[in-house]
Amino acid sequence: MTRHFFPIFILGICLANNIQAQVKTRTEDKNWTAQSAELANTLEADYIIRVGDIDNLGFGWPEGFDPFCSRSTEVHSYPWEAKKEDAAGFDRILMSSKFNPNASLTCGNDGYSAAYDPKLSKPVTYQLPTKILKDADIQNAYLQIFLDDFQSPTFCSKFRVTINGSRFAEAEKLLSFLDQTGPVGKLVTIPIPEEFYKGFKEKPVMSLYIDDVNGSGDGFAIDFIRLLVNRKRDNTCKGTIIGRVLDKETEQPIANATVFLADKSSVTTNAEGQFRITGVPTGYEIVSASYAGYNDGAAG
Ligand SMILES: [Ca+2]
Ligand SMILES: [Ca+2]
């Protein structure tokens, strides 16, 4: 009989809450007050394209805080006023385009929703200029979004994310997990599948749209967005993934199972089915596991 098993995981979202940054990001994206940036040949990536200023929604950063290491910020107050230089869609409370402030919602409303404004809270299409990618040899691409107060599990939001009009399933999956308790922000880093690369080379802009299709009462905010092309693994903040591999039916731990990351690096589980992978660049990661007599399992 074939049985399935899946690792109980601490990945992506939880990963970032559990990491201690080992190194400071050696980013060359240093002009944080600029509303946009386009950089080439940096230590962090061959290309960095950013929209939105890096200012924690205008609240600023705690001493020594590196916004690129995926740690959560401290709780900030709300509501707040967006600055006039902040473009639509940044540094303000956004609500689903289907949000109806008069509707009675089964999953309730968060504190942000009280600041709903039919114009200012409307999600927008973010446009990242991609002309510098015209002749790029794209080996990998990552979307980084500094997110604040996304709470799908609590308020039943269902985020739809599109890049150049096509669904970006990995981002949607991540946002369906993410439950940012309290008004806090963090950077998420999501690998972009290869099928999008052609558009990056051929179109002058990358269009990104993020909206909740359920009309939920989950207000959210975005500080800045970056597209990294040919990200350099050695020059990113790193974290540790900790998890367990269990038999899906009996929930008994499986020792000596092999646990893989997307880059094929692997570790083996101990007698309690536990594993620990260190030195993983911060971001969303798919972890797979295999063991004789079982179908492979995966979690992300
Ligand atoms: Ca929220
Ligand atoms: Ca900002």
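Guide: Before we start, one word to learn: a residue is buried if its relative accessible area is under 20%, exposed if over 50%, and partly exposed in between. Also keep in mind that this is a predicted model.

Visitor: Okay, let's use that word. Are Asp-149 and Asp-218 buried or exposed?

Guide: Asp-149 sits in the loop between strand 5 (141-148) and helix 2, and Asp-218 in the loop between strand 9 (205-212) and strand 10. The cut-off to keep in mind is under 20% relative accessible area. Both of these residues count as buried.

Visitor: Which ion do they help to hold, and which residues coordinate the calcium ion (ligand 1)?

Guide: Asp-149 takes part with its O and an OD atom, and Asp-218 with an OD atom. The distances run from 2.2 to 2.4 Å. The full set of residues around the calcium ion (ligand 1) is Asp-110, Asp-149, Gln-151, Asp-218 and Gly-219.

Visitor: What is the geometry of that site of the calcium ion (ligand 1)?

Guide: There are 6 donor atoms, and the angles among them go from 75 to 173 degrees. Six donors count as octahedral if opposite ones are over 155 degrees apart and all others lie between 65 and 115. The site of the calcium ion (ligand 1) is therefore called octahedral.

Visitor: How many residues apart in sequence are the parts that Asp-149 and Asp-218 tie together?

Guide: The donor residues of the calcium ion (ligand 1) are spaced D-x38-D-x1-Q-x66-D-G. Asp-149 and Asp-218 belong to separate loops, so the pair ties together parts of the chain whose separation in sequence is 69 residues.

Visitor: There's another calcium. Which residues coordinate the calcium ion (ligand 2)?

Guide: Here the distances span 2.1 to 2.7 Å, and the spacing along the chain reads D-x1-D-x35-D-x131-D. Two of the residues, Asp-53 and Asp-55, are buried. The residues that coordinate the calcium ion (ligand 2) are Asp-53, Asp-55, Asp-91 and Asp-223.

Visitor: Now the cysteines. What pattern do the disulfides of the chain follow?

Guide: A disulfide is a covalent bond between the sulfur atoms of two cysteines. This structure holds 2 of them: one joins Cys-69 to Cys-237, and another joins Cys-107 to Cys-156. Counting the bonded cysteines along the chain, the pattern is 1-4, 2-3.

Visitor: Is the disulfide of Cys-69 and Cys-237 left-handed or right-handed?

Guide: The two sulfurs are 1.7 Å apart. Cys-69 counts as buried at 2% relative accessibility, and Cys-237 does too at 1%. The torsion about the S-S bond is about -40 degrees, so this disulfide is left-handed.

Visitor: And how many residues apart are Cys-107 and Cys-156?

Guide: Their link, with -70 degrees about the S-S bond, is left-handed. Cys-107 lies in the loop between strand 3 and strand 4, while Cys-156 lies in the loop between helix 2 (152-155) and strand 6 (159-163). Along the chain they are separated by 49 residues.

Visitor: Are Cys-107 and Cys-156 buried or exposed, or in between?

Guide: Buried would need under 20%, and exposed over 50%. Cys-107 has a relative accessible area of 27%, and Cys-156 comes in at 33%. That makes the label for Cys-107 and Cys-156 partly exposed.

Visitor: Any backbone oddities? What is phi of Asn-41?

Guide: Most residues other than glycine have a negative phi, and most peptide bonds are trans. Going against that habit, the peptide bond from Tyr-78 to Pro-79 is cis, and Cys-156 has a positive phi. Asn-41, an exposed residue at 63% relative accessibility, is in the loop between strand 2 (36-40) and strand 3. Its phi is positive too, near 60 degrees.

Visitor: Last one: which are the edge strands of the open sheet of 4 strands?

Guide: The strand order is 13-12-15-17, with antiparallel pairing. Inside it, 4 bridges join strand 12 to strand 15, and Phe-260 has Ser-288 as its bridge partner. An edge strand pairs on one side only, and here those are strand 13 (266-268) and strand 17 (297-299).

Definitions and conventions: Residues are numbered from 1 along each chain as its sequence is written. Chains are lettered from A and ligands numbered from 1 in the order in which they are written. This is a predicted model: local features need pLDDT of at least 70, side-chain atom pairs count only at pLDDT 80 or more; totals for chains, interfaces and linings use all residues. Side-chain values use heavy atoms; hydrogens and water are left out. Two strands pair if DSSP finds at least two bridges between them. Helices (H or I, at least four residues) and strands (E, at least two) are DSSP runs, numbered from the N terminus. A disulfide is a pair of cysteine sulfur atoms within 2.5 Å. Buried means under 20% relative accessible area, exposed over 50%, partly exposed in between (1.4 Å probe, protein chains only). Donors are N, O and S atoms within 2.8 Å of the metal (3.2 Å for Na, K and Ca); water is not among the atoms, so sites may look incomplete. Four donors count as tetrahedral if all angles lie between 85 and 135 degrees; four count as square planar and six as octahedral if opposite donors are over 155 degrees apart and all others between 65 and 115; anything else is irregular.
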